[in-house]
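Visitor: I'd like to go through this model with you and ask what backs up each label. Shall we pull it up?

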Amino acid sequence: MSVFNSNDEKQAINWLESLKEKLQARQDKKFTFLLVGRTGVGKSSTVNSLMGKTVAVVGDYEPCTMDIKKYDNELNGINFTIIDTPGLCDDLEEVGNDYEYLERMRSDVSQVDSMWFVSRLDETRVTNDEKRGIKLISEAFGAKFWGQAVIIFTFAGAKNASDYPIALEKRTELIRKEIAKYTGIGIANNVPSVAVDNNSEITPDGEKWLGELYTQIYARISAKGAVPFLLANVERIKRPEKEREVIIEKIYEPVPTYAPIELNQRQAAVVRNKTNEVLGLASAGASVGAVIGSIGGPLGAAVGGTIGAGIGLIAGFFGL
Ligand SMILES: Nc1nc2c(ncn2[C@@H]2O[C@H](COP(=O)(O)OP(=O)(O)O)[C@@H](O)[C@H]2O)c(=O)[nH]1
Ligand SMILES: [Mg+2]
């Protein structure tokens, strides 16, 4: 016998059926990241941390020409592409033909779902190479493209706990100022920034950073890339438990490749809202939400695979 009102239960089942259809419709879609930043800042390492496995080679080469490289990957049955831009932000003696480079960039514009501008947190200024990179990206893709961008600061562990918040604020401000030259201050100030350290689970403030990186990227990724991105990582996402004791552990170890993506309440709310927005799910009232949360898990398990895990995860967000 059900503990729920049968009308709520009917509504919840309809909601979950519609969720299943929407996820299935997008299962064969893919997503693409564009990585921008100087060689050695940790672009490849950050992709690996986010996706929980080695999808990009770390520290592989010194660029000698400006280039665009595409790498196809697969995770959880979802295809995705990483576009790397070696040389774009590097101080090269012989810079490639900017015009030709821009044309090649432009031909990729429709594909890119999420753009990362990566820089080290422990740098103090925006280098000329980074300025050139920001200029070229803006010219190739247009101001609106920054709407899908996230500024990622690596090597956060190089800062001590007291300098860390100021460094994050100052570095963000400087990069936004550079972006604003091409987009205006409105767009630039909306580009979020997040600090990570690929050699540690936490930033100097003691917080685990992976959930925040995931949340910021998901919040900004294009509508077409959002669901495949969610499904690719679905097995690793840990929703906050309703009442979980907060245990602060300081672990200074490299992020293991199987690292779960733990979300706090705020991050979970962002993920839920974005998912709702991109899937166009009917809003569920509070009473129905609880039913969705409790029957979504079993339904997802019955469906199985990536879609089943997606149903379980998303339903759980609505039952929170
Ligand atoms: N301490 C520390 N080292 C990092 C971090 N990210 C990357 N590295 C190291 O920096 C080097 C270059 O990293 P890589 O990901 O290849 O940079 P990329 O050229 O931008 O793709 C490697 O030796 C990484 O192990 C980080 O956040 N903290
Ligand atoms: Mg790399």
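**Around the ligand**

Guide: Let's start with Val41: one of its backbone N or O atoms lies 3.3 Å from an oxygen atom of ligand 1. Keep in mind that this is a predicted model.

Visitor: What makes the pair of Val41 and ligand 1 a polar contact?

Guide: The cut-off for a pair of N or O atoms is 3.5 Å. Val41 has its backbone atom at 3.3 Å from the ligand oxygen, so the pair counts.

Visitor: How do you know that Lys43 and Ser44 make polar contacts with ligand 1 too?

Guide: Same test. For Lys43 the distance from a backbone N or O atom to a ligand oxygen is 2.8 Å, and for Ser44 a polar backbone atom is 2.9 Å from an oxygen of ligand 1. Both values are within 3.5 Å, so both pairs pass. As for cover, ligand 1 has 580 Å² of accessible area on its own, and the protein covers 77% of that.

Visitor: Which residues come nearest to ligand 1?

Guide: Out of 15 around it, Gly40, Lys43, Ser45, Gly59 and Asn198. Helix α2 (residues 43-51) gives the largest share of that shell, with three residues. By class, the shell has nine polar, three charged and three nonpolar residues.

Visitor: And why is the whole protein called as compact as a globular protein of its length?

Guide: It has eleven helices and eight strands. Its radius of gyration is 21 Å, and the globule rule gives 20 Å for 320 residues; the two are close, so the label fits.

Note on methods. Residues are numbered from 1 along each chain as its sequence is written. Chains are lettered from A and ligands numbered from 1 in the order in which they are written. This is a predicted model: local features need pLDDT of at least 70, side-chain atom pairs count only at pLDDT 80 or more; totals for chains, interfaces and linings use all residues. Side-chain values use heavy atoms; hydrogens and water are left out. A residue is near a molecule or strand if one of its heavy atoms lies within 4 Å of it. A polar contact is a pair of N or O atoms within 3.5 Å; within protein, one must be able to donate a hydrogen and the other to accept it, and residues adjacent in sequence count only if both atoms are side-chain atoms. Accessible areas come from the Shrake-Rupley method with a 1.4 Å probe; for residues, only the protein chains shown count as cover. Helices (H or I, at least four residues) and strands (E, at least two) are DSSP runs, numbered from the N terminus. Ala, Val, Leu, Ile, Met, Phe, Trp, Tyr, Cys and Pro count as nonpolar, Asp, Glu, Lys and Arg as charged, and the others, Gly among them, as polar. The radius of gyration is taken over C-alpha atoms; the globule rule is 2.2 Å times the number of residues to the power 0.38.
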